[in-house]
Amino acid sequence: MTDQTPALRLEGIVKTFPGVRALDGVSFTVMPGEVHALMGENGAGKSTLMKVLGGIYDPDEGQIFIAEQPAVMTSPIEAKAKGVVFIHQELSLADELSVAENIFLGELPRKSLGRVDWGKLYADTDAILKTLNVGFNAKTRVGDLSIANQQMVEIARALTVDPRAVIFDEPTASLTDAEKVVLFEVISDLQSRGVGVIYISHRMEEIFKITDRISVLRDGQYRGTLNTAETNEEEVTQLMIGRKLDLSRNEATHEMGEVALEVRNLSCGDLFHDVSFTVRRGEVLGFYGLVGAGRTEIAETLFGLRDPSAGQILLDGEEVRITSPQDAIRRGISLVPEDRKGQGLILGMNCRDNMTLPQVDDMTAGPFVSDGAEVAIFDQYRDKLDIRTPGWRQLVGNLSGGNQQKIVIGKWLSMHPEVLIVDEPTRGIDVGSKSEIHNLIRDLASQGYAVIVISSEMPEVLHVSDRIVAMFSGRVMREFTAEEVTEDSLIQAISGLTGSGAQVA
Amino acid sequence: MAELTKKGIGGFIARHGILVAFVLFMVGFALANPRFIAIENISGVIRSSAIIGVMALGVTFVVIGGNLDLSVGSMMSFSTIVVLDLHDKLGPTLAIPAMFAMTLALGAFIGFLVGYLKLNSLIVTLGMLSAIHGLTLTYSGGKNMDIDDKQGTWFSIFGQGNVAGIPVPILMFALLAVVLTLLLSKTPFGRKVYAVGGNGTAATFSGIPRARVVFMTYMISAFCVATAGLIQASRSLGSQNTVGQGLELEVLAAVILGGASLLGGSGTVFKTVIGVLILGFIQNGLLLMGLAFYAQYVVTWVIIILAVWLDIAAKRGRLWSPIA
């Protein structure tokens, strides 16, 4: 940091959406040649801030300065022209085109009559690729490259302008360890050219390895900047979470029963490895981890949708092989899937028919489905779960998210399962219905169901679980009891860091 | 691009366009030629619609289950030729169950490919349309098939007989419609067909054996095709190899006219029967008005495209939309 003019400075950025103050006076400075981490929980405002910077959102208040010159960003193209370039988590490349065409897409060099100047295109591209030290050339088809190399193409695209600031958004999400090393070299090269780098990631390990400073957002507010060399994971986590969450912790108010489900050393290809846990009747077992940590895949394996490659599943102490969802249902395992509309419900079907679908074979009088039996089931669970709908004839697609989720839960409760797995119980559900669903899950446990809750929301997991399994990259990192768990130990566990007593993956 | 409100005339046409068009056609035809509404004409239309109608009943199951069946015309030729051939070799009593078994075997093959191997039903049944045609020609050696003793067989009852003054093809169509209505709307199997067509993934997540359900819809379709082949063979007691050619499109037209969504998950047997009758009466009316037979191919397709357009318009509540 020899140059004392900031590469990029945001001052007092405010952005509100109806009902939400997404950014509340955020200030943030990136020096040239610095790698600056931006951290915060989901919903802390990181994405909103980056969208303001990239010209996708207009800030309500505040000012952006590039090299201390005020700048107004109205579009991503303008942001790029001003030297602010984004490397997104999802790549946006045309697979069928060459590396060169992708890098200069929309601005291909021209000769007379609008013909493409291929010679100049390839020469310019190879010049950029040379600085990145990559193993492919300008004419390579992008679809033939690995994900890591495609990311290099994105970076090369960023270098066609002379960037002042490059923003990496979760760049290592789909990279192998070896590929990460290459990426970090490129970042350090950008750094030595005097480019300011903003690095967004949840992975503490990377943050501490490559960044110079760490800025933290929480609830849309700037919470401070730390020098990476002078801080530690605990301090950063503390800043991210802030006050102790005032959500009441779950306190066991009832007796636990026998072990209903035990999983021993279960593996499934590359999706998860050597996973072991138990769930008792009357207990809620929480699964917490980042998206892609393998939690949903475990649920799908227990529900007979995937074949495990190794390990055992035991129901009431007896080893079982679950071959299909029908088989799982017969054995008393139910799954409320994460994608409510895509996997949980038939939106064009009415409420009653959705709820009774798995047991329609048993709802017959003679060869025909008995209307009376179906309506009785629906009425019972509508009252029990407080489902608000004008009547059973209402199409499920017309209900609110919370009521739709209750239909899915009712569908399985009416089957009297032994083990109920709920994947992301409150995704896309408003705050009021959220706490209703949380209470419902607690109630089910107290009625003696063995419940597994998979969630990406920490407050939710802390609130409903008796025990919590923390997963990272397909492995169980640590198991916590409700008494011993803390937010920062949980964050550390799911970031792949070893906390006290953790297993090294 | 005005929004169609529930009370607007446009909205009414969008929602009931097919019935409105049908009524207008009927009134127009009746005014143009009073013979159109004579009992004999109406009975004649229904009887000649029976073959397409019977096949449409089966295809309704396939379409509600979220798939297509374009092989029914060619499969019907197969059934007709086979039963005529076996009639003289085995006698009618054995020929009929043998033909049903062979047709069901074809249905099982398609059901396996689409249901269990999850191949695209359009490709599979389009391929089978051609493959079964080749099978029929191979079986018959390319020759027309005729029953030797046309006077002395009871086999003609299915196509030419009357019971209580009602033609047997109409009775078979009606009986099958009633049975399949009950199957689709009242049984657990019927519920599963709607579930699989409405959202196959959610059906799987509810423990519905999706592959088996799709397989069964093709078996039902094949059973209906065999029945249609029986009526066809019995009516003419002799047949060309190409007797069912092109019927798959009329069958599909009737199903769509009835309002089953090509996306799956909606439609009923009753609506399909209405679709069959609409198609039959419009074609008959145009014929009575002196429209050349060949022009009917054009008119049929205009009607189908209109039906599909109105179907989409009804769903999005407007006749035209810039997106999707």
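**Close-up views of a predicted model**

**View 1. Asn102(A), tucked away in a helix.** Asn102(A) counts as buried, because its relative accessibility is 0% and the cut-off for buried is under 20%. All of this comes from a predicted model, so read each legend here as a description of computed coordinates. The residue belongs to helix H3 of chain A, which covers residues 99–103. Which residues does Asn102(A) touch, once those up to four places away in sequence are set aside? They are Leu93(A), Ala94(A), Leu97(A), Val142(A), Val153(A) and Arg157(A).

**View 2. Chain A as a whole.** Before zooming in again, here's the backdrop. Chain A holds 17 helices and 22 strands. Its radius of gyration is 26 Å, which agrees with the value near 23 Å for a compact globule of 505 residues. Taken along the principal axes, the box filled by the C-alpha atoms is roughly 80 × 55 × 45 Å. Buried residues make up 53% of the 505 in this chain. If you look at contacts with a separation of 6 or more in chain A, 66% of them are between residues 24 or more positions apart. The accessible surface of the chain is about 21,600 Å², and carbon and sulfur atoms own 47% of that.

**View 3. Strand E13 of chain A, wrapped up by its surroundings.** Is strand E13 (residues 284–289) of chain A enclosed or open? Six of its six residues are buried, so E13 is largely enclosed by the rest of the structure. Val284(A), Gly286(A) and Tyr288(A) point one way from the strand, while Leu285(A), Phe287(A) and Gly289(A) point the other way; all are buried. E13(A) pairs in the parallel sense with strand E20 (residues 450–455) of chain A, over five bridges. In that pairing, Leu285(A) has Ile452(A) of E20(A) as its bridge partner. E13(A) also pairs in the parallel sense with strand E21 (residues 467–472) of chain A, again over five bridges. Here Gly286(A) is matched with Ile468(A) in E21(A) as its bridge partner.

**View 4. A four-stranded open sheet in chain A, with a helix packed on it.** The strands run in the order E12-E11-E14-E15, with antiparallel pairing. Why do E12 and E15 of chain A each have a side without a neighbour in the sheet? Strand E12 (272–280) and strand E15 (318–320) stand at the edges and have a single partner strand each, so one side of each stays free of a sheet neighbour. On average, neighbouring strands of this sheet are turned by 25° against each other, direction ignored. Five bridges join strand E11 (residues 259–268) of chain A to strand E14 (residues 310–315) of chain A in the antiparallel sense. Arg264(A) sits opposite Gln312(A) in E14(A). Packed on the sheet is helix H9 (residues 295–302) of chain A, which touches E11, E12 and E14 of chain A. The direction of H9 makes about 65° with that of E12(A).

**View 5. Two packed helices in chain B.** Helix H7 (residues 168–186) and helix H12 (residues 269–288) of chain B pack at an angle of about 145°, and their axes are 9 Å apart. From H7(B), the contact involves Phe173(B), Ala177(B), Leu180(B), Thr181(B) and Leu184(B). Facing them from H12(B) are Val269(B), Phe270(B), Val273(B) and Val276(B). Sorted by class, the contact of H7(B) with H12(B) comes to eight nonpolar residues, one polar and no charged.

Terms used. Residues numbered from 1 in each chain as written. Chains lettered and ligands numbered in written order. Predicted model: local features only at pLDDT ≥ 70, side-chain atom pairs only at ≥ 80, totals over all residues. Heavy atoms only, no water. Pairing = 2+ DSSP bridges. Axes fitted to C-alpha atoms, helices over the stretch in contact; angles between N-to-C directions. Contact = heavy atoms within 4.5 Å. Buried < 20%, exposed > 50% of the residue type's maximum accessible area, 1.4 Å probe, protein only. Rg over C-alpha atoms; globule rule 2.2 N^0.38 Å. Areas by Shrake-Rupley, 256 points an atom, 1.4 Å probe, with all protein chains shown as cover. Nonpolar A, V, L, I, M, F, W, Y, C, P; charged D, E, K, R; others polar.
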